[in-house]
Each structure stands twice: as structure tokens, then as C-alpha cells.
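Open the structure in your viewer and keep the selection tool at hand. We will go from stop to stop, and at each one you can pick out what is named.

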Amino acid sequence: MSGLYERPGGPAGAARAGMDGIASADGAPLGFDGLRAPMPVDLGIRILRRAGVAESAYDRYSVVAGPVVALFVAHGRGAVTGAGPVDGYAGPEDFEERHLLRTGRAALPAGRPLPGVVGALRTGRDRNLRYDYGSLPESRSRVLEAVRGIPRGQLRPVDWLGPEAGMPDATAAELLEAVRSGPAPVLIPVHRLGDEDGRPVDCGLPVALTERLRAYEGIDEERLGRFAAAGTHYLGSGTTRIFCYPTCAHARRITDRHRVPFGSAAAARHAGYRPCLSCRPVAA
């Protein structure tokens, strides 16, 4: 039994009941409840398509379940145009309204997300995605692209962004403002930014969510806390004479007996160490 209709007489009987002029509480003819079908998620898009409205005239969005948090993710013309944790909105209508205010484009519910989004959330690697930053100043777009370059499971201090974005004279406040203006936090891994000791900064996400995202990526906050307490901001390898940020993949492979702590890049350089070419410490 399909479960669509449970009273004797089948759908035809239900239709007859409705034709008798009896109505249910919501105004539908009584007996027609069994004929109801779920409304397609992308009904609005189907209507626009039948009306001949070009798909380039609007964005579409989906709710995508990530391993840590579900996101609204909007896209258009093959690029991500906006995203944010579902918990950060009062509901889908709130996301649609804020998207319209920010981009000037309507976002309609779609059944499927942009290809690549699910994998990016699962792996923490979004390099195959393209972002449409809209009217965001080009300098801020460069900052966000620099954030995208922070590998999964690693942290960078905010000051690191300036040289990476071609803005060596930008202040930390200016860089953080650019980070917070980004249209797609979490997908763009703003949670991988920290202060000099690796602690979360005001990146636009709640601290609790930042900590959950970091934990999912295997960032060892306790280890970072020990380094911070000792005044260690860089780790050098006594064998390669290279120094890195503590979360750099190369730094994590340094054995205890070869690990050399440094409080500053200047101290590492003075000791004859050169900066890692992968994590590119600020002074590199």
C-alpha cells in the first residue's frame, strides 16, 4: 500500500467526497488530502524555467550537511555566491533576504548543491570551487583567497595574510575586517586564522563553532597551548635548519630531539635557520 490514501474507495472515492462540497479545515475539499503530493524543493526554479527566465538571472541554494555544521550554500554561473551556517539564520527566508541584500540577486531553493561543495566540506579542501565575491573590493577578495590557501589542519596568524594578499602594510584590523566581509565562511576556512599563539580571532564565526571546526581537522589546541605558555611561536628542525609555524605539516614531523623552539622569526634567523617554503612564516 502506498500510504497516499487510506480510506475506502481509493483516490476516486476521495475525489467524489470532495465533489460533494465538504471541505477540510484548511479549505481543501474533504477527502482530497490523500491526493496531496510534496511540493518539489525547486518548484520556483521550474516555474521560472517554464516561463523562459534565463538561469543566469538568479542564484539557487541548497542546504548542505557538513561533518560539523549544515550550511546554506548559494551559487550562480558556476560559482559559490554565498554560504553560512544554517544556525546563523532564522530560516530559509532569512538567508534568501540577506543574500538579496548583499548581492542584489534572488536565491531560489534547489534540489542539488553546486558540484564540489559536498566534497569541500567533507575534506576541508575547497580549491576546486570558484567564488563570486560580487561587489567586494578587489583587495578583500585577495585576502579571502589567501585564507583559502591555509591547508586543512593548520593555523596562520592574521598578520600572515598581509604579505600573502600582496598587502604587506595592512593592519591586523584591516585584514580581519576583510575576512569578516567574506560571503562564505566555513567553506572559506576563516577558522584557520588565529592570533600569535593560535587562539581563535574574531573571524565572523562563533568561537564555539571555530573550535569544533578546528577539532574536526585535528588541530591540537592543548599542544598549541603548551607552546604558547613557553613563548614558542615557531619550530625549527635541527637537521634541516628550517623553521615553521607549529601546525605546519613539516613542523609536526620534527622529532622531539631535533625540535628547536623559537619565540620570533628574527631569533630563528639569527640562529641560522631559514623560513619554511610551505607555511611561509611572516618574515619569509
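The tour below starts with the whole chain and then moves through strands, a loop, a helix and a cavity.

**Before you start**

This is a predicted model, in which local features need pLDDT of at least 70 and side-chain atom pairs count only at pLDDT 80 or more, while totals for chains, interfaces and linings use all residues. Residues are numbered from 1 along each chain as its sequence is written, and side-chain values use heavy atoms, with hydrogens and water left out.

**Stop 1: the whole chain**

Show the chain as a cartoon and you will find 11 helices and 10 strands. Here helices (H or I, at least four residues) and strands (E, at least two) are DSSP runs numbered from the N terminus. Of the 284 residues, 43% are buried, where buried means under 20% relative accessible area, exposed over 50% and partly exposed in between, with a 1.4 Å probe and protein chains only. Now switch on the surface: about 15000 Å² is accessible, and 55% of that belongs to carbon and sulfur atoms. These areas come from the Shrake-Rupley method with a 1.4 Å probe, and for residues only the protein chains shown count as cover.

**Stop 2: strands β1, β2 and β3**

Select residues 70-76, which form strand β2; six of its seven residues are buried, so the rest of the structure largely encloses this strand. Add β1 (residues 59-65), which pairs with β2 in the antiparallel sense over six bridges; two strands count as paired if DSSP finds at least two bridges between them. Which residue of β2 does Tyr61 stand opposite? Look across and you will find Ala74. A hairpin of four residues joins β1 to β2.

Next, add β3 (residues 79-85), antiparallel to β2 over six bridges. Val73 has Ala83 in β3 as its bridge partner. The hairpin between β2 and β3 has two residues in between, and Arg77 in this turn has a positive phi of about 55 degrees.

**Stop 3: Gly91**

Move on to the loop between β3 and α3 (92-103), where Gly91 lies. Is Gly91 buried or exposed? Gly91 is buried, at a relative accessible area of 14%. Select Phe72 too: the two are 19 residues apart in sequence, and their C-alpha atoms are 9.8 Å apart.

**Stop 4: helix α5**

Select residues 138-148 for helix α5, where Ser141, Val143, Leu144, Ala146, Val147 and Arg148 are buried. Among the elements that cover them are α6 (161-164), α7 (172-180) and β6 (193-194).

**Stop 5: a cavity**

The structure holds one cavity of 30 Å³ or more. About 160 Å³ of space lies in the largest cavity. Of its 19 lining residues, Ala120, Leu121, Gly124, Val186 and Glu217 are the closest to the centre. A cavity here is a set of points on a 1 Å grid over the protein atoms alone where a 1.4 Å probe fits but cannot get out, and lining residues have an atom within 4 Å of a point. Points are joined across faces, edges and corners, and the volume is the space filled by probe spheres set on them. Helix α4 gives the most to this lining, with three residues.

**Stop 6: a four-stranded sheet**

Finish with an open sheet of mixed pairing, in the order β9-β7-β8-β10. β9 (259-262) and β10 (274-275) stand at the edges with a single partner strand each, so one side of each has no neighbour in the sheet. Four bridges join β7 (residues 234-237) to β9, and the two run antiparallel. Select Ser237 and Arg259 in β9 to see one pair of bridge partners.

Methods
Contact = heavy atoms within 4.5 Å. 1 Å grid on protein atoms, 1.4 Å probe; cavity = no way out; pocket = protein on both sides within 12 Å on 5 of 7 lines; lining within 4 Å.
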